[in-house]
Each structure stands twice: as C-alpha cells, then as structure tokens.
Amino acid sequence: MNTILRYELPKGFLASRKLAIPHRDHIEQALNNSKVMQIEIDLSGVDSISESYADEIFGVLVQEFGCDEILNKIQIKNAKEYVLENIAIVIDRRSKEVVH
C-alpha cells in the first residue's frame with residue numbers, strides 16, 4: 001500500500017539548526033520507507049524560517065537524496081511566501097554543490 005505521510009513543522013519562528021535535526025531525521029526515515037510515496041510537510045504554523053533551519057532540513061535532504069528525489073516526493077503545504085523563498089534558496093544552493 002502506498003502512503004502519503006503528513007508532517008507538521010513546529011509553530012513560530014524556526015531558527016536553530018540543532019532544533020531542525022529531529023524533524024529532518026523523521027522526514028529522512030519516511031524517504032527511506034518504500035511504502036511512503038509522498039510526504040506533505042505542513043508549514044501553516046511557521047511564522048518564519050531561517051536559512052540555517054531550512055538548510056538543516058531541506059538542504060541536507062537534497063544533499064543526501066538529490067534534488068529531483070526531494071522535489072518529487074516532498075510537497076510543502078500552507079507556507080507563507082517568504083518561508084518558501086528561504087527553502088528555495090537552500091535547495092537551489094545545495095543542488096548546485098558538486099560532490100568530489
């Protein structure tokens with residue numbers, strides 16, 4: 001059975017790289033689960049997200065799984081435009097990094 005996982009990031013102002021790690025770990029486990037076909041991340045309660053917090057979640061996931069995999073499997077829901085902009089910045093930056 002193919003599953004859609006719904007995950008909600010904490011409410012408020014998200015700024016600490018350290019606090020982002022458990023959320024990335026949860027999303028990463030879902031990405032590694034062959035039964036999970038789509039991950040919907042709800043950002044309705046997020047007032048702002050720092051680039052470091054966004055990078056710790058989305059940037060690291062792009063680095064580990066590749067940009068195409070992340071863009072195909074993760075859907076961001078209910079995000080404010082400036083929150084999406086910070087996420088897009090880190091995804092773009094990480095997708096351009098060359099692994100040696």
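**Exercise 1. Count the helices and strands of the protein chain, and give their order.**

Step 1. Take the count. The protein chain holds 4 helices and 5 strands. Keep in mind that this is a predicted model.

Step 2. Read from the N terminus. The order of elements is β-β-α-β-β-α-α-β-α.

Step 3. Check the overall packing. The radius of gyration is 13 Å, close to the 13 Å that the globule rule gives for 100 residues, so the protein chain is as compact as a globular protein of that length.

Step 4. Add the outline. Along the principal axes, the C-alpha atoms fill a box of roughly 35 × 35 × 25 Å.

**Exercise 2. Describe burial, surface and charge for the protein chain.**

Step 1. Start with burial. Of the 100 residues, 38% count as buried.

Step 2. Turn to the surface. The protein chain exposes about 5,900 Å². Carbon and sulfur atoms supply 52% of that area.

Step 3. Place the charges. There are 12 positive and 16 negative charges. Their mean positions lie 4 Å apart.

Step 4. Look at sequence separation. Take the contacts between residues at least 6 apart in sequence; 88% of them join residues at least 24 apart.

**Exercise 3. Find the residues that touch the most other members of the largest nonpolar core, and say which elements supply this core.**

Step 1. Size the core. The largest nonpolar core has 25 residues.

Step 2. Name the residues. Leu 9, Ile 27, Ile 39, Ile 41, Ile 57 and Ile 74 touch the most other members.

Step 3. Trace the suppliers. At least two core residues come from each of helix H1 (17–32), strand E3 (36–42), strand E4 (46–49), helix H2 (51–65) and helix H4 (81–96). H2 gives the largest share, 6 residues.

Step 4. Zoom in on one member. Setting aside residues up to four places away in sequence, Ile 39 touches Leu 5, Ile 27, Ala 30, Leu 31, Lys 73, Ile 74 and Gln 75.

**Exercise 4. Decide whether Arg 24 and Asp 55 are buried or exposed, and list their contacts.**

Step 1. Locate the residues. Arg 24 is in helix H1. Asp 55 is in helix H2.

Step 2. Apply the cut-off: buried means under 20% relative accessible area. Arg 24 has 10% relative accessibility, so Arg 24 counts as buried. Asp 55 has a relative accessible area of 8%, so Asp 55 is buried too.

Step 3. List the partners, leaving aside neighbours within four places in sequence. Arg 24 is in contact with Glu 56, Ile 57, Val 60 and Leu 61. Asp 55 is in contact with Arg 17, Val 60, Val 90 and Arg 94. Val 60 appears in both lists.

**Exercise 5. Classify Leu 14 and Met 37 by accessibility, then give their distances to Arg 94 and Leu 5.**

Step 1. Take Leu 14. This residue is found in strand E2 (residues 12–14). Its relative accessible area is 6%, so Leu 14 is buried.

Step 2. Find the partners of Leu 14. Beyond four places in sequence, Leu 14 is in contact with Leu 9, Val 46, Ser 48, Ile 49, Ser 50 and Tyr 53.

Step 3. Give the first distance. Leu 14 and Arg 94 are 80 residues apart in sequence and 20 Å apart in space, C-alpha to C-alpha.

Step 4. Take Met 37. Met 37 lies in strand E3. At 40% relative accessibility, Met 37 counts as partly exposed.

Step 5. Find the partners of Met 37. Leaving aside neighbours within four places in sequence, they are Asn 2, Thr 3 and Lys 73.

Step 6. Give the second distance. Met 37 and Leu 5 are 32 residues apart in sequence, and their C-alpha atoms are 8.1 Å apart.

**Exercise 6. Place Asn 72 and Asn 78, and state what stands out in the phi of Asn 78.**

Step 1. Locate Asn 72. Asn 72 lies in helix H3 (residues 67–73). With a relative accessible area of 58%, Asn 72 is exposed.

Step 2. Relate Asn 72 to Met 37. They are 35 residues apart in sequence and 9.3 Å apart in space, C-alpha to C-alpha.

Step 3. Locate Asn 78. Asn 78 sits in the loop between strand E5 (74–77) and H4. Asn 78 is exposed, with a relative accessible area of 54%.

Step 4. Read the backbone angle. The phi of Asn 78 is near 60°, a positive value in a residue other than glycine. Most residues other than glycine have a negative phi.

Methods:
Residues numbered from 1 in each chain as written. Predicted model: local features only at pLDDT ≥ 70, side-chain atom pairs only at ≥ 80, totals over all residues. Heavy atoms only, no water. Rg over C-alpha atoms; globule rule 2.2 N^0.38 Å. Buried < 20%, exposed > 50% of the residue type's maximum accessible area, 1.4 Å probe, protein only. Contact = heavy atoms within 4.5 Å. Areas by Shrake-Rupley, 256 points an atom, 1.4 Å probe, with all protein chains shown as cover. Lys, Arg positive; Asp, Glu negative; His and termini not counted. Charge placed at Lys NZ, Arg CZ, Asp CG, Glu CD. Core = buried A, V, L, I, M, F, W, Y, C linked by side-chain atoms within 4.5 Å.
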